[in-house]
Amino acid sequence: MSSLNLTLKVWRQAGPNAAGSIETYQAKDIPTEASFLEMLDIVNERLITKGSEPIHFDHDCREGICGACSLTINGIPHGPEGGITTCQLHMRKFSNGDTIWIEPFRAKAFPVIKDLVVDRSAFDRIIESGGYISVRTGSAPDAHAILVPKEAADAAFEAAACIGCGACVAACKNASAMLFVSAKASHLNHLPQGQPEKHQRVLAMVKTMDNEGFGNCTNQYECEAVCPKEISADNIAKLNRDYALAKAHDALV
Amino acid sequence: MNLDSKIPAGPLDQKWTKHKMDSKLINPANKKKFNIIVVGSGLAGGSAAATLSELGYKVKCFCYQDSPRRAHSIAAQGGINAAKNYQNDGDSVHRLFYDTIKGGDFRSREGNVHRLAEVSLNIIDQCVAQGVPFAREYGGLLDNRSFGGAQVKRTFYARGQTGQQLLIGCYQALAKEIHAGGVQMFPRTEMLDLVVADGHAKGIIVRDLVTGEITAHAADAVILATGGYGNAFYLSTNAMGCNVMAAFRAHKRGALFANPCYTQIHPTCIPVSGDYQSKLTLMSESLRNDGRIWVPKSQETAEKIRKGQLRARDVGEEDRDYYLERKYPSFGNLCPRDIASRSAKEVCDDGLGVAPTGKGVFLDFEKAIADQGEQAISAKYGNLFQMYEKISGDNPYQTPMQIYPAVHYTMGGLWVDYDLMSNVPGLHVLGEANFSDHGANRLGASALMQGLADGYFVIPATIANYLATQKPGAVTTSHPEFKRCLGEVNDRVNSLLQIRGKRSVDSFHRELGLQLWDNCGMSRTPESLNAALQRIPKIRDEFWANVNVTGTGGELNMELEKAGRVADFLEFGELLCHDALQRAESCGGHFRADHQFTEDDPEVKDGRTQPGEAKRHDDEFSYVSAWEYTGVGKAPTLHKEQLVFEDVTPSIRSYK
């Protein structure tokens, strides 16, 4: 097993209202088999042994599905690999002597809590405003009473694969949340079960998105490029269509 | 202590229906006067919080994650079982019940398991109505697959991310209720203690993980849905934050902890590669449908592979040992999880392991690709192969995967009765955090089923049996017990911060995990368990003298969070070993090397089972072990709940 000696440039910020800065750390003898977050674990273990405060970052499942990890690595959310989350990035993708810049997911709507940890609760508020189907427990018909064409089920699944990490927002120069919102809306709007509340859902989610301080979409496709689940920007086009329909419906009815 | 499971009388298939009829009701005008605390927002907690709010109760839901959508239920890959018999292949509620009881090695309650099988039908209906995008056939019907060795196709799935899709459905239901005002959500908030006032669970003490503020919350009932304790072993397939604190705090406040020794080791995980390793990644069990597990026949060949001098593909067929196919001809690579895990350990202990550390076996798709073509295999497992390649750097289309068992799921948990209430009145426990439905071993695709059964359908029906006996709002945070608990929690946090020793929290966690893995892991003996019971108190003493928790209490401090969790694991580890030592038999996820079938046993001679199989002692151990806390470092007190089998006859498990 080989190892790497790296220079890390890490964003440190003591709290939500403190001024942050980039600090430099030498990360020596990092095994190439370690994941990126394990590399930070090693650095933190050494910081703690010296009595210094470790670098704070969000993480949980460490297998690419919970959406907690959220690092901008060398300027790219989730790093240079594409199609993976930060926790799935491994050190074998780096070279000895590399300097690695590590920053939080930056956006006005994602305020920094500490170091690399940001507050993404705006996403939850978007879902709360209408990102669901209103069905009470116990009121559902037999599952086979609703036939769903395979194409619709597959399209819904592709959109539903979004893990809500926020990389799309961090990558966008406008800090737009359109890929997230469109994926969440498309998931339900593709399905027959989602039709009754479709207009209302789209209008409510978009309104909340705007109120939370996310920017507008100007078709940069940066979101699609960094999405760890490779959610298609086609969802944004669908959301725009669904939004226009909902607005027209709203105006006429 | 009298442990009354409160299983309703009557025929097995009518118990649940009758119990619902006999259960108390609370009228709609009164429901809103009752406050319920739900800790945990995974499948069990999230579904309970949403459904109780729909019914009209006032719910406060807490989770340590930054969003309820990130609870670790999200990582379940394979699927969810339900006895729908949509495939017309002979499935039924009774068959799912029987498979689950048998899979649990006859160490669970008939009544609970039958209810689980009944409710499985409603879960699928509910999830589909919510918009969970399960896999479908071209006709628009739901698709099913066979999973974890089941003889019928009863598993519903959404590619390799069934857990995430079910959790999103559950989270959306929760979001709907948050919007409606019935649920108040507290993300990034961790429960640090349970408040038991006048003998009833009436609240919790929590820490706001962002500000560090420690506060008390009172309610008429408390529900814990806080998951399992697999991270006691340090390395597991659990998320980094999964912990036993909520359940263990409740245990210290009087709740009995049942069957902690039933720990499931999953056979198909990516092997450990070094000391820095933080977690183990599960590769879906579905891979065993087409992958063949093998090691070289000779130690010399294995040695060469470990050193990188020989490639797997260069080992001839005649030099390979497909040991599961050899030992279990009819089930082969699809034998149950515990058997597959233990067999892997045995061959590696014999020096035949192929990973650089010696702890790994091959999972090979060469034959499947030759038979079915690369495209067919890619359609089934493409995303899993991709995940494997990202982690290991190897391409499974060209070279076999390496796998090794890892701690995955814990069947033990807080003791609950049929209403899912613990022995502490008012304290209810759901999902992996309770002990109730899986016995000594859980079948694949049954964890999601149990979490959602408990949350959507069981607790909403049974909690009224407790609440109807209570006056709403009778206990508030001004009760002296709240003040006392707040004081104790603050003292504990402060003492952790004041140690300022030399070692990191993780270093202690790793040390404890290694003790448990080596001595209370896949194979246990009285000697190994006694060794662990000697060692763990020493690790705990050193922890409290020499841990370095940096930072302060009044801020986001992840070291402090970890320290509190590890401190509890250091006490819980002993309980785990005590239980494993007391249960002098092998069953399911608890294998005692001193209790296995040998060539001399009549059951082996007459072909009912084979040597090395787990040997149960039904005459002595057909009971639930429920442990009472007696103090730090003191032996816990055992209470027994006898298991009664009226419908099934416990049999010897054989997968030959």
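In what follows, Ala, Val, Leu, Ile, Met, Phe, Trp, Tyr, Cys and Pro count as nonpolar, Asp, Glu, Lys and Arg as charged, and the others, Gly among them, as polar. By that scheme, the lining of the second largest pocket divides into 16 nonpolar, 16 polar and 11 charged residues. The model is a predicted one.

Stay with this pocket for a moment. The second largest pocket holds about 940 Å³ of space. Its lining is made up of 43 residues. Closest to the centre are A:Glu33, B:Pro356, B:Ser392, B:Asp394 and B:Gln402. Two helices of chain B, α8 (299-306) and α12, give two or more residues to this lining. Of the elements, α12(B) gives the most, with three residues.

The helix α12 of chain B turns up again in the largest pocket. There, about 1,200 Å³ of space is found. The lining counts 46 residues, and A:Phe157, B:Arg159, B:Gly160, B:Gln161 and B:Asn383 lie nearest the centre. Three elements give two or more residues each: α3 (150-160) and α8 (234-252) of chain A, and α12 (374-392) of chain B. With 10 residues, α12(B) gives the most to this lining. The make-up is 15 nonpolar, 19 polar and 12 charged residues.

Next come the closed spaces. Rolling a probe the size of a water molecule over the atoms shows where empty space is left. How many cavities of 30 Å³ or more does the rule count? The count is 10. The second largest cavity has about 660 Å³ of space. It is lined by 39 residues, and the closest to its centre are A:His59, B:Met240, B:Gly241, B:Lys562 and B:Arg565. Chain A supplies at least two lining residues from α1 (36-49). Chain B does so from α15 (505-519) and from α17 (558-582). The largest share, seven residues, comes from α17(B). By class, the lining of this cavity splits into 15 nonpolar, 10 polar and 14 charged residues.

Now turn to the interface between the chains. Here 78 residues of chain A are in contact with 75 residues of chain B. Together the two chains bury about 6,200 Å² between them. Carbon and sulfur atoms account for 54% of that area. Which charged pairs cross this interface? The count between chain A and chain B is seven salt bridges. Over all chains, the structure holds 69. One salt bridge joins A:Arg120 to B:Asp66, with the closest N and O atoms 3.5 Å apart. This pair crosses between chains. A:Arg120 sits in the loop between β7 (117-118) and α2 (121-128) of chain A. B:Asp66 sits in the loop between β2 (58-62) and β3 (80-81) of chain B. Another salt bridge links B:Arg188 with A:Asp58. In that pair, the closest N and O atoms are 2.8 Å apart.

Within chain A, the domain assignment gives domain 1 (3-114) and domain 2 (121-252). Their C-alpha centres lie 30 Å apart. The contact takes 16 residues from domain 1 of chain A and 19 residues from domain 2 of chain A. About 1,200 Å² is buried between these two domains, 67% of it on carbon and sulfur atoms. Which residues of domain 1 of chain A lose the most area to domain 2 of chain A? They are A:Pro77, A:Ala109 and A:Phe110, together 35% of what that side buries. Salt bridges across this domain interface number zero.

Chain B is likewise divided, into domain 1 (267-406) and domain 2 (482-642). The C-alpha centres of these domains of chain B lie 30 Å apart. Their contact takes 10 residues from domain 1 of chain B and 10 residues from domain 2 of chain B. The two bury about 790 Å² between them, with 63% of it on carbon and sulfur atoms. Across this interface, too, the rule finds zero salt bridges.

Key: Residues are numbered from 1 along each chain as its sequence is written. Chains are lettered from A and ligands numbered from 1 in the order in which they are written. This is a predicted model: local features need pLDDT of at least 70, side-chain atom pairs count only at pLDDT 80 or more; totals for chains, interfaces and linings use all residues. Side-chain values use heavy atoms; hydrogens and water are left out. On a 1 Å grid over the protein atoms alone, a cavity is a set of points where a 1.4 Å probe fits but cannot get out, and a pocket is an open set with protein on both sides within 12 Å along at least five of seven lines; lining residues have an atom within 4 Å of a point. Grid points are joined across faces, edges and corners, and a volume is the space filled by probe spheres set on the points. Helices (H or I, at least four residues) and strands (E, at least two) are DSSP runs, numbered from the N terminus. Domain bounds come from an automatic or database domain assignment. Contact means heavy atoms within 4.5 Å. Buried area is the accessible area (1.4 Å probe) that two parts lose on being put together, summed over both. A salt bridge is a side-chain nitrogen of Lys or Arg within 4 Å of a carboxyl oxygen of Asp or Glu.
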